[in-house]
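Okay, thanks everyone for coming. I'll walk through a few spots in this model, and please have it open in front of you.

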Amino acid sequence: MTLRLGLPKGSLEHATLDLFRRAGFLITVAERSYFPAIDDPDIECMMVRAQEMARYVEDGALDCGLTGHDWIVENEAAVRTVSELVYAKQSFGKVRWVLAVPEQSPVRSAADLEGRIVATELVGVTRRWLADRGVNAKVEFSWGATEAKLPELADAIVEVTETGSSLRANKLRIVETVLESTTRFIANVDAWEDRDKRRKIEDVSMLLQGAMAALDKVGLMLNVRAGDLEAVLDVLPALRKPTISHLSDAGWLAVNTILDESVVKEILPRLKEAGAEGIVEFPLNKIVM
């Protein structure tokens, strides 16, 4: 059994390869090659644009792949969503497709676009979104640099954004959100029904989700006298509850826990004050719940 895995080429490429590395897969992409090497004999990889991924998975050219929810909806693809992986090009959150216009535009809502021109790469979603609001506008496909089409070539655009900084830099104003999207791990319907392929897909999904769960988290180990345990626990937040075990010295305990990396610098001095000793912070690759 060989699983054909699609990896997104383009804006999601670096973040996806890093996620797979954290999940335990070493993927090597040769220059100008669309077929990366992976250190798993049961997987073959292919680089595909996220915009096209859902179609290839639906058609069975790929057994599974990673793409945005936006492109699944755009292609109206009949695929199985295995898991949601909330990461994007720059951040670990959602992206938004927004209706935007020049700052001085009179457009204040979708209704104001009646008879006007909207440029976007997300043509199908935009047309359906406008139709649902009873707006008859001309939606044109944009091959890129969509912001530059305003105001000479279009009255409004529907563009993807993570932070809104690019839109603001181009003196554009967001009118409404058309669609929110996150990265999804998807599977071909027939591949999902194949016992061996489904098991492999589920294994990969579990490891990817474990890697996502470990992002911005660290492990913490420390020793504490039994009499100081409660004081230490009062300081120490935990993913669930800390693991506490006895040391060879009956009066001492070992505490293991997982923390948000951002809080470590704040609580380490408090742990020391509470009686913790031998404090060790270590990185995490995966957290499997």
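Quick bit of vocabulary before we start: when I say helix or strand, I mean a DSSP run, at least four residues for a helix and at least two for a strand, numbered from the N terminus. With that in hand, look at Asp 216, which sits in the loop between helix H7, residues 195-214, and E13. Its phi is positive, near 65 degrees, and this is a residue other than glycine. And remember, this is a predicted model.

There's another one like that. Lys 171 has a phi near 55 degrees, again positive in a non-glycine residue. You'll find Lys 171 in the loop between H5 and strand E11, residues 172-181. Buried or exposed, this Lys 171? It counts as exposed, because its relative accessibility is 56% and the cut-off for exposed is over 50%.

While we're on backbone oddities, go to the loop between strand E9, 138-141, and E10, where Pro 151 lies. The peptide bond from Leu 150 to Pro 151 is cis, with omega near -5 degrees. Why point these out? Most residues other than glycine have a negative phi, and most peptide bonds are trans.

Now helix H9, residues 261-274. Its 14 residues should span 20 Å at 1.5 Å a residue, and the end C-alpha atoms are 20 Å apart, so the two agree. Still, H9 has a kink of about 45 degrees at Ile 267, shortly before Pro 269. Ile 267 is also buried, along with Val 264, Leu 271 and Ala 274. What do the buried residues of H9 pack against? Strands E13, E15 and E16, plus helix H8. Right after H9 comes Gly 275, with a positive phi near 115 degrees.

On to the largest pocket, which holds about 930 Å³ of space. It's lined by 42 residues, and the closest to its centre are Ser 11, Trp 71, Trp 97, Glu 121 and Val 160. By type, the lining splits into 12 nonpolar, 18 polar and 12 charged. Helices H2, H3 and H5 and strands E7 and E10 each supply at least two of the lining residues.

Last stop is Thr 183, in strand E12, residues 183-187. Thr 183 counts as buried because its relative accessibility is 2%. Setting aside neighbours within four places in sequence, its contacts include Leu 12, Leu 66, Ser 83 and Tyr 87.

That's my tour, thanks.

Note on methods. Residues numbered from 1 in each chain as written. Predicted model: local features only at pLDDT ≥ 70, side-chain atom pairs only at ≥ 80, totals over all residues. Heavy atoms only, no water. Expected span 1.5 Å × (residues − 1). Bend = angle between axes of the 7 residues up to and from the residue. Buried < 20%, exposed > 50% of the residue type's maximum accessible area, 1.4 Å probe, protein only. Contact = heavy atoms within 4.5 Å. 1 Å grid on protein atoms, 1.4 Å probe; cavity = no way out; pocket = protein on both sides within 12 Å on 5 of 7 lines; lining within 4 Å. Points joined across faces, edges and corners; volume = space filled by probe spheres on them. Nonpolar A, V, L, I, M, F, W, Y, C, P; charged D, E, K, R; others polar.
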